[in-house]
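Visitor: Could you walk me through this model at an easy pace?
Guide: Gladly; let's look at it together.

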Amino acid sequence: MSRDESKLLYAESHEWVDLAQEDGKAVGTIGLSGFALEQLNDLVYMELPELGRELSVGEEFGEVESVKAVSPLYSPVSGKVIAVHEDLPERLEELNDDPYDFGWIVKVEVSEANSVESLLDHAAYQKQCAEAG
Amino acid sequence: MMNTRAVSGLSLGPRVGRLLSLATFGAAENMAIDQAILDSVSRTGVPVLRFYQWAEPTLSLGYFQGLTERAAHGQSDSICCVRRTTGGGAIVHDRELTYSVSIPLPAGSAGPRSVLYQQMHAAIAKTLADFGVQAVPFRRTGVGPRSDSRNAQFLCFQRRTAEDLVVSGYKVLGSAQRKSRTAVLQHGSLLLCTSLYSPQLPGINELLSLQLTADQLVPQIAKILSESLGVDWRVDTLSSQEESNAEKICCERFASSLWTSRR
């Protein structure tokens with residue numbers, strides 16, 4: 001089932017998070033927004049975090065390179081990395097076509113429910129993108 | 001795909017920026033100073049323009065390049081090596097002028113700041129034109145984008161991206177960026193003369209039988225960039241906080257074999 005981007009939460013730094021309950025745990029699936037991917041233009045490298053790493057809100061969890069620019073990825077939630085999309089760095093050319101399903105980067109077991117309070121809903125994120133664009 | 005989006009000019013001004021005059025440091029020190037400057041621009045929002053050269057011939061690897069890829073370029077295998085935090089391919093820093101410019105970013109900006117590539121390279125192209133050198137961005141040469149395999153060459157100067165400056169078909173200026181949450185560092189190399197350690201790459205002086213020096217170019221580059229960015233560059237030195245941060249970064253990262261061999 002396709003993820004509905006209008007139902008996701010977004011960080012100012014353009015990561016999206018899909019919050020869901022999995023086996024009784026709050027799990028956040030994280031990716032990069034379509035807007036960010038369009039701006040990045042031509043991703044050539046992506047570095048992913050290790051499984052089990054503890055992340056706090058706003059912490060760098062990976063990096064990408066495009067047009068010779070290296071940009072950090074920031075975690076929109078706190079918690080432990082419980083899954084990593086290992087195939088993604090080798091298939092970056094497919095990311096722009098499907099940023100919200102194929103393009104998931106990591107899954108995090110969210111440790112602090114209130115860590116999502118500062119995130120933007122889709123409308124607020126769209127407004128930010130319009131102002132930036 | 002090459003980045004061919006039209007971008008409007010970037011203006012930061014009017015505001016004051018800091019200009020760090022042409023100076024020579026070792027490889028790890030140069031990279032650590034650029035990182036310390038990025039950190040301070042992230043905090044203060046005050047732009048910094050810096051010109052530098054290298055105490056000894058140095059190979060810098062792009063952030064994502066593997067150390068073992070050095071085997072692809074035997075001519076530089078005897079010189080020291082440092083890993084950058086910026087992207088792109090490897091560079092032999094020898095008979096060149098290196099610059100770095102660090103500027104604050106608006107909240108929520110995403111991706112490379114192509115406009116900064118354009119404006120810094122335009123300032124250098126205009127400066128070169130004053131000395132009779134016609135340097136143009138690769139996107140204006142009429143040559144199509146390179147295939148993936150050509151743009152995966154080990155050396156940066158054997159690759160081509162849209163904003164690289166080209167003279168007589170040869171790339172003479174390439175730049176790369178590193179973003180933080182609130183600032184971006186861009187540094188780049190202008191090949192003045194051919195290096196013994198990368199003899200396949202001609203510098204401007206060989207291409208046009210000139211004897212340009214870094215000292216001749218720096219003041220004019222700063223002046224033109226001042227006009228285009230709206231920044232009044234004031235000559236300055238590293239603050240004591242930047243110096244101590246650079247020392248720490250140098251030891252912990254750029255002078256560390258773990259950092260250099262991390263890929």
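The questions below cover confidence, the contact between chains, a sheet and a pair of helices.

Guide: This is a predicted model, in which local features need pLDDT of at least 70, side-chain atom pairs count only at pLDDT 80 or more, and totals for chains, interfaces and linings use all residues. Residues are numbered from 1 along each chain as its sequence is written, while chains are lettered from A and ligands numbered from 1 in the order in which they are written.

Visitor: What is the mean pLDDT of chain B?
Guide: pLDDT is the predictor's confidence in each residue, from 0 to 100. In chain B, 94% of the residues reach 70 or more, and the mean is 93.

Visitor: How many residues does each chain bring to the contact?
Guide: Two residues are in contact if their C-beta atoms, placed from the backbone, lie within 7 Å. Counted that way, the contact takes 21 residues from chain B and, from chain A, 20 residues.

Visitor: Which residue of β9(B) is the bridge partner of A:Ala69?
Guide: Helices (H or I, at least four residues) and strands (E, at least two) are DSSP runs, numbered from the N terminus. Strands pair if DSSP finds at least two bridges between them. β7(A) and β9(B), residues 170–179, run parallel and are joined by two bridges. The partner of A:Ala69 in β9(B) is B:Gln177.

Visitor: Which strands stand at the edges of the open three-stranded sheet in chain B?
Guide: The sheet has mixed pairing and the order β4-β3-β5. Each edge strand has a single partner strand, so one side of each is left without a neighbour in the sheet; these are β4 (80–83) and β5 (91–93) of chain B.

Visitor: Which residue of β5(B) does B:Thr58 stand opposite?
Guide: β3 of chain B (residues 58–61) runs antiparallel to β5(B), and three bridges join them. Opposite B:Thr58 in β5(B) stands B:His93.

Visitor: Is α2(B) oblique or parallel to α4(B)?
Guide: Axes are lines fitted to C-alpha atoms, for helices over the stretch in contact, and angles run from 0 to 180 degrees between N-to-C directions. Helices α2 (residues 114–130) and α4 (residues 214–229) of chain B pack with axes 8 Å apart, at an angle of about 135 degrees. Angles under 35 degrees count as roughly parallel, over 145 as roughly antiparallel, 65 to 115 as roughly perpendicular and the rest as oblique. That makes the relation of α2(B) to α4(B) oblique.
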